[in-house]
Amino acid sequence: MGQNLKHTLYEGDWLRLVRIGHWEACERTHGQGMAVIVIAVTPADEVLFVEQYRIPLGARTIEMPAGLVGDDHAQDTLVDAARRELIEETGWSPGRVDVLLVGPTSSGMSNERIAFVRARDLTKVGDGGGVDSEDITVHAVPREEAPAWLMRKQAEGFELDLKLWAGLWMIDRNPDGSPAD
């Protein structure tokens, strides 16, 4: 039992490094480690992607809109966070948000869990681009061209979030493989 005691090695504003027995791990310090990734398709059948510089990678990335749950709003729900992040990052507001699946992103390293959510019935309400210093570029890519576009971006030197392919699959399907309603 004593071998699984948790010891904090370092704690910052957003992350905590811990040792649990012989294992070192990183923990998010807010919202129970939750984040959302938003699968969103415009009325013109374009998939919404965001491009931004990610300091840990030292590179620009292509991702689906995403964000932390409870970072600025302690009472955040997954739906609230998804709706807010989609508007902030892309300028599109969803009429409907459905939580599809929740699970760990890197179970050997972090307590972070992510919820895939599908945003429907989008309405353009702004330019997006993020808040503060996020410096986000929005890309609306025709759905049928999205995989090839992503591979071109990778060839140009962008890092691609591997969750993109799961998100593309869940545009039309539920996690169990049934058709999306």
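Welcome to this predicted model. Start by selecting strands β3 (23–28), β4 (34–40), β5 (46–54), β6 (59–63), β7 (66–68) and β11 (159–160), together with helix α1 (78–90): each of them supplies at least two residues to the lining of the largest pocket. Now colour α1 on its own, since this helix gives the largest share of that lining, four residues.

**Into the pocket**

Next, show the pocket itself. Its volume is about 1700 Å³, and 40 residues line it. To find the middle, select Arg28, Arg54, Pro56, Glu63 and Leu68, the lining residues that lie nearest the centre. Then try colouring the lining by residue type: you should find 18 nonpolar, seven polar and 15 charged residues.

**Two domains**

Zoom out and give the two domains of the protein chain their own colours: domain 1 covers 1–30 and domain 2 covers 32–171. Where they touch, eight residues of domain 1 and 12 residues of domain 2 make the contact. If you mark the C-alpha centre of each domain, the two marks will be 27 Å apart.

Where does the largest pocket lie with respect to domain 1 and domain 2? It lies between them, because both domains give residues to its lining.

**The surface they share**

Stay with the boundary for a moment. Domain 1 and domain 2 bury about 760 Å² between them, and 49% of that area is on carbon and sulfur atoms. Now select Cys26, Arg28 and His30: they supply 70% of the area that domain 1 buries against domain 2, more than any other three residues.

**Last stop: a salt bridge**

Keep Arg28 selected and add Glu112. Their side chains meet in a salt bridge, with 3.0 Å from N to O. Between domain 1 and domain 2 the count is one salt bridge, while a search of the whole structure finds 16. Arg28 sits in strand β3, and Glu112 in the loop between β8 (92–104) and β9 (113–124), so this pair ties together parts that are 84 residues apart in sequence.

Before you leave, look at Arg28 once more: this residue is among those nearest the pocket centre, and its side chain also meets that of Glu112 in the salt bridge.

Note on methods:
Residues are numbered from 1 along each chain as its sequence is written. This is a predicted model: local features need pLDDT of at least 70, side-chain atom pairs count only at pLDDT 80 or more; totals for chains, interfaces and linings use all residues. Side-chain values use heavy atoms; hydrogens and water are left out. On a 1 Å grid over the protein atoms alone, a cavity is a set of points where a 1.4 Å probe fits but cannot get out, and a pocket is an open set with protein on both sides within 12 Å along at least five of seven lines; lining residues have an atom within 4 Å of a point. Grid points are joined across faces, edges and corners, and a volume is the space filled by probe spheres set on the points. Ala, Val, Leu, Ile, Met, Phe, Trp, Tyr, Cys and Pro count as nonpolar, Asp, Glu, Lys and Arg as charged, and the others, Gly among them, as polar. Domain bounds come from an automatic or database domain assignment. Contact means heavy atoms within 4.5 Å. Buried area is the accessible area (1.4 Å probe) that two parts lose on being put together, summed over both. A salt bridge is a side-chain nitrogen of Lys or Arg within 4 Å of a carboxyl oxygen of Asp or Glu.
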